[in-house]
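User: Please take a close look at the backbone for me, and follow it into whatever part of the model you think ties in with it. Keep it informal, but walk me through it in one go.

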Amino acid sequence: MTRPLRIAMVGAGFMGAAHSQGWRVAPRFFDLPLSPVMSVLVGRDAGRTAAAAATWGWDDSATDWREVVTRDDIDVVDIVTPGDSHAEIALAALAAGKHVLCEKPLANTVDEARRMSDAAADAAANGIRSMVGFTYRRLPATAFARDLVAAGRLGEIRQVRAEYLQDWLSDAEAPLTWRLQKDRAGSGALGDIGAHAVDLTEYITGRRLTRVAGVLETIVAERPVLAASSGLSGTAGADRGPVTVDDLALFTGRLEGGALASFEASRFRLGRKNALRVEVAGSLGALSFDLESPNELQFHDATLPSAEQGFRRILVTEPEHPYMAAWWPTGHMLGYEHGFSHQAKDFVDAVAAGTDPRPSFADGLHVQEVLDAVARSSEADGSWTGVGAALTSPSPDRAFAAS
Ligand code: SOE
C-alpha cells in the first residue's frame, strides 16, 4: 500500500456525501500515488455524524473541528460546510500544516477569500497544497472542451453564453434554508450556482473575466421556517423568515482577449433541474455543453465544407477523453458523482507531486471578486464594474491544463 493520506472532512450534509463518494471510489479506479484514508468525519450533531460516518465509510466521527484539524494523524482537511465557516476552518487547517480542499464558492466575501488565498500561498512555500471544489471542470466533456479551445479548434474566442438553471425554489412555499440567508451563504443563486458558471467559462476558454455588469433580484422575499430546518440563523420560534439573498443573477462579462460573455444563474427556472450550460462561439468553430447531458459535447467545425457543417454530438466516453480510461468501455456513461472522484484524484496527484492543484485558492479569490463585482454593479444600476485587483496567479492558458 502506498503512503496513506489521512483525511478529515468537516461537514456532513449533501456535499459531504458527494465528497465521501469521491474519496472512497477514486483509489479503486485510479492508480493513486498516495492512499486516501477516510479517517474522521466532523459534524455538529454527534449522533447524526456518527451515522453518516458509518454510511459513507469514515473510520471515526467527531464534533469539534478545531481539535481535529490540529491532530498529528491528519494530513488533509476537506471543508464541505456552508460558506460562512470556510475561512475559519481553512485558515486553522493551513496554520496546522494540513493540505486543504474547500467547497465552492471559496468564501462569503472577498476579504475572507483574500485571507485564505494569502494563507494558502504562504503554506505552499512549505509544501502545503490547497484547492477549491469546482468539480464540473473535472468531467470528461468539460475537460475535453477546454482541450479543443486550447488546441485552437474554435479559433478566436468571440462570444460565450453561460447559464446555471435549477427550479427547486420556484415554489414560493419551499422552506427557508441556509442557502437563502446572506450571513450563512454569502449570496444566493449568484454564488451557489453562478460561481460554477463563472469557473467553467474561464476554465474552458482559458480566459478570465475582467469587467462585469449585472442585476441581482430576489423573487420571493420570505419563506416558511420548518422547525426541523438545521443551520438557519435568527429564526428561532418564527414560522416564516426573510430571504436575504438573490434568487436570480443576470450579468454580462468581458473576458481577457475581448470576448463578451452572458451569464444567468437561477433556481426558479421551472423545468430546468440542473442545467449548467456553456456555449462558446469562435471564428473556426463552436461548442456547447449541458450538465443535464453530461457525457455529450456538441461541436461545430466551421472549417468543414459548408455542406457538411453543423453541430454534431460527441459522446465523450472514449478512452482518450480526459479521465475516461480509468472507467468503462466506450459508450458507458459517467454521472454527477464522477467529478468528485476526479477531484480526489487530481488533489492526491498534486499533493504527491508537490505541485499546486487548480483551481487554487487564488482562482477561488478571483471568482469571489467576480461575484462581488456583479453585486456592486447591481447596486450601481447595472453599471460596468471592474473585477478585483490585478491577479497574481498564473494567467489562464494551458496552465489550466494542470488541473
Ligand atoms: C444547489 O443549488 C446545488 O447543490 C449547489 O450548491 C451545488 O454547488 C451544485 O453543484 C448543485 O446544486
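Analyst: Aspartate 381 is exposed, with a relative accessible area of 77%. Keep in mind that this is a predicted model. The residue sits in the loop between α10 and β17 (385–386), and its phi is near 60°, a positive value in a residue that isn't glycine. Most residues other than glycine have a negative phi, and most peptide bonds are trans. With that as background, let's collect the other backbone spots.

Tyrosine 323 is another non-glycine with a positive phi, about 75°. Its place is the loop between β16 and α9, but unlike an exposed residue it counts as buried, because its relative accessible area is 14%, below the 20% cut-off. A glycine joins the list too: Gly152, just after α6, has a positive phi of about 85°.

Now for the peptide bonds. Arginine 358 and proline 359 are joined by a cis bond, with omega about 0°, and that proline is in the loop between α9 and α10 (361–379). Pro359 also leads us to α8: it is one of the residues that aspartate 199 contacts, along with Phe134 and Arg137, once neighbours within four places in sequence are set aside. Asp199 itself lies in α8 and counts as buried because its relative accessibility is 5%. The second cis bond runs from lysine 104 to proline 105, with omega near -20°. Pro105 belongs to the loop between β5 (99–103) and α5 (110–124).

Lys104 is where the backbone story meets the ligand. An N or O atom of the Lys104 side chain is 2.9 Å from a ligand oxygen. Two more side chains get a polar atom close to a ligand oxygen: for tyrosine 136 the distance is 2.6 Å, and for aspartate 192 it is 2.4 Å. Together with everything else around it, the protein covers 90% of the 310 Å² of accessible area that the ligand has on its own.

Who else is in that shell? Besides Lys104, Tyr136 and Asp192, it holds Phe14, Tyr164, Gln166, Trp168, Arg179, Ile193 and His196. By type, that makes five nonpolar, two polar and three charged residues. Helix α8 is the biggest contributor, with three residues. And why does the ligand lie between the domains? Domain 1 (4–136) and domain 2 (138–357 + 370–378) both give residues to the shell, so the ligand lies between them. The C-alpha centres of the two domains are 22 Å apart, and their contact takes 39 residues from domain 1 and 47 from domain 2.

Several shell residues also turn up around serine 266. Setting aside residues up to four places away in sequence, Ser266 touches Tyr164, Leu165, Gln166, Ala189, Ile193, Asp247 and Leu248. Ser266 is in strand β12 (residues 260–266), and it counts as buried because its relative accessibility is 3%. A polar atom of its side chain lies 3.0 Å from the backbone nitrogen of phenylalanine 268.

Back to the helix ahead of Gly152. Nine of the eleven residues of α6 (residues 140–150) are buried, so this helix is largely enclosed by the rest of the structure. The buried ones are Pro140, Ala141, Thr142, Ala143, Phe144, Ala145, Arg146, Leu148 and Val149. Their cover includes α8 (189–205) and α9 (338–353), plus strands β7 (157–165), β14 (285–290), β15 (296–301) and β16 (312–315).

Over in the domain 1 range, two more residues are worth a glance. Alanine 12, in the loop between β1 (4–10) and α1 (14–29), is partly exposed at 36% relative accessibility. Leaving out residues up to four places away, Ala12 touches Leu41, Val42 and Trp56, and its C-alpha is 7.7 Å from that of threonine 81, which is 69 residues away in sequence. Valine 68, in helix α3 (residues 65–68), is buried at 0% relative accessibility. Val42 comes up here again: with neighbours within four places left aside, Val68 contacts Ala8, Val40, Val42, Ala62 and Ile74. The C-alpha atoms of Val68 and Ala93 are 9.2 Å apart, with their positions 25 residues apart along the chain.

Definitions and conventions
Residues numbered from 1 in each chain as written. Predicted model: local features only at pLDDT ≥ 70, side-chain atom pairs only at ≥ 80, totals over all residues. Heavy atoms only, no water. Buried < 20%, exposed > 50% of the residue type's maximum accessible area, 1.4 Å probe, protein only. Helix = DSSP H or I, 4+ residues; strand = E, 2+ residues; numbered from the N terminus. Contact = heavy atoms within 4.5 Å. Near = heavy atom within 4 Å. Polar contact = N/O pair within 3.5 Å; in protein donor to acceptor, adjacent residues only side chain to side chain. Areas by Shrake-Rupley, 256 points an atom, 1.4 Å probe, with all protein chains shown as cover. Nonpolar A, V, L, I, M, F, W, Y, C, P; charged D, E, K, R; others polar. Domains from an automatic or database assignment.
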